[in-house]
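Here is a short walk through two residues and their surroundings. Have the sequence and the model at hand as you read.

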Amino acid sequence: MESAVRIAEVSYLAEHKRTPRSVLLLYNCTWYHHELLLSLIPHLHSITYQKLFGSYLHDISCHAAPQFELVSLRSCNTEFEERLFGQVRRVAENCTNRQPQNILNQVFIQLQVLLSQGNVNIKETKVVRTARDLKPYGGTSIPKEFIATRMHSWQVHLRRISPYLSKGEGVWWTQSSTAYHFHDGEEHPNFHQQGPHLQHFWRMSRKQLDDTKIKQREDILDNRTTLPTPYIQLYDKQGNPTEK
């Protein structure tokens, strides 16, 4: 439940609150949430995970964090605009002469007045309200025992957050004898001088972002940078494991 709450909290952040720390938080929480859901029902026979959890699980685990890395998810969310439809209809019916050439101008004027007066309610989801009732988030901690049983998925996740791992241990993550601890909690800084820097869709495309991470991943392996994993499994071109 906590991972779902944190995902919703980050998903509704305004653009000016988007930071490298919140990006890392969304990557970690979506991966952890995905793996926890799969662990609830480990063996399916008559139904697939996609049918069981719906497209929502795929969307948040595969697309939410990379999209948030380039643009605020709230900027892509049309819920607020959809709530204005009813207000627009009432303004068009009650505040205009219902002539097509006059409706648009009157609607915009009336909506600007209503918005400036705060008369348009912005509803919050129950999950976002729940986030405010939780204790301050200290950061994502993932048990090593949990990772050991899903190494392939974990290595894919590490590749997605390679800009943070390339800085080495102690910047964005540390470890204890039982878990890996990521510095994505509320008490941690939003930025680090070492990077990574916040990206935006007008400077970088999704393909450029993926290519950059592939290059960073190669540099990490070449430099033998310490990673939050017990080992690295290498694969050949056919996808078969070769060595650790």
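Ile7 touches Leu26, Cys29, Thr30, His33 and Ile60, leaving aside residues up to four places away in sequence; contact here means heavy atoms within 4.5 Å. Ile7 itself sits in helix α1, where helices (H or I, at least four residues) and strands (E, at least two) are DSSP runs numbered from the N terminus. Thr30 lies 23 residues from Ile7 along the chain, and their C-alpha atoms are 6.8 Å apart.

This is a predicted model: local features need pLDDT of at least 70, side-chain atom pairs count only at pLDDT 80 or more, and totals for chains, interfaces and linings use all residues. Residues are numbered from 1 along each chain as its sequence is written, and side-chain values use heavy atoms, with hydrogens and water left out.

Now to Arg18, which is placed in the loop between α1 (2-11) and α2 (20-40). Its neighbours, not counting residues up to four places away in sequence, include Glu69, Leu70, Val71 and His200. The side chain of Arg18 also makes polar contacts (pairs of N or O atoms within 3.5 Å; within protein, one must be able to donate a hydrogen and the other to accept it, and residues adjacent in sequence count only if both atoms are side-chain atoms):

| Side chain | Partner atom | Distance |
|---|---|---|
| Arg18 | Phe68 backbone oxygen | 3.1 Å |
| Arg18 | Gln199 backbone oxygen | 2.9 Å |

Are these two residues buried or exposed? Arg18 is buried, with a relative accessible area of 2%, and Ile7 is buried at 6%; buried means under 20%, exposed over 50% and partly exposed in between (1.4 Å probe, protein chains only).
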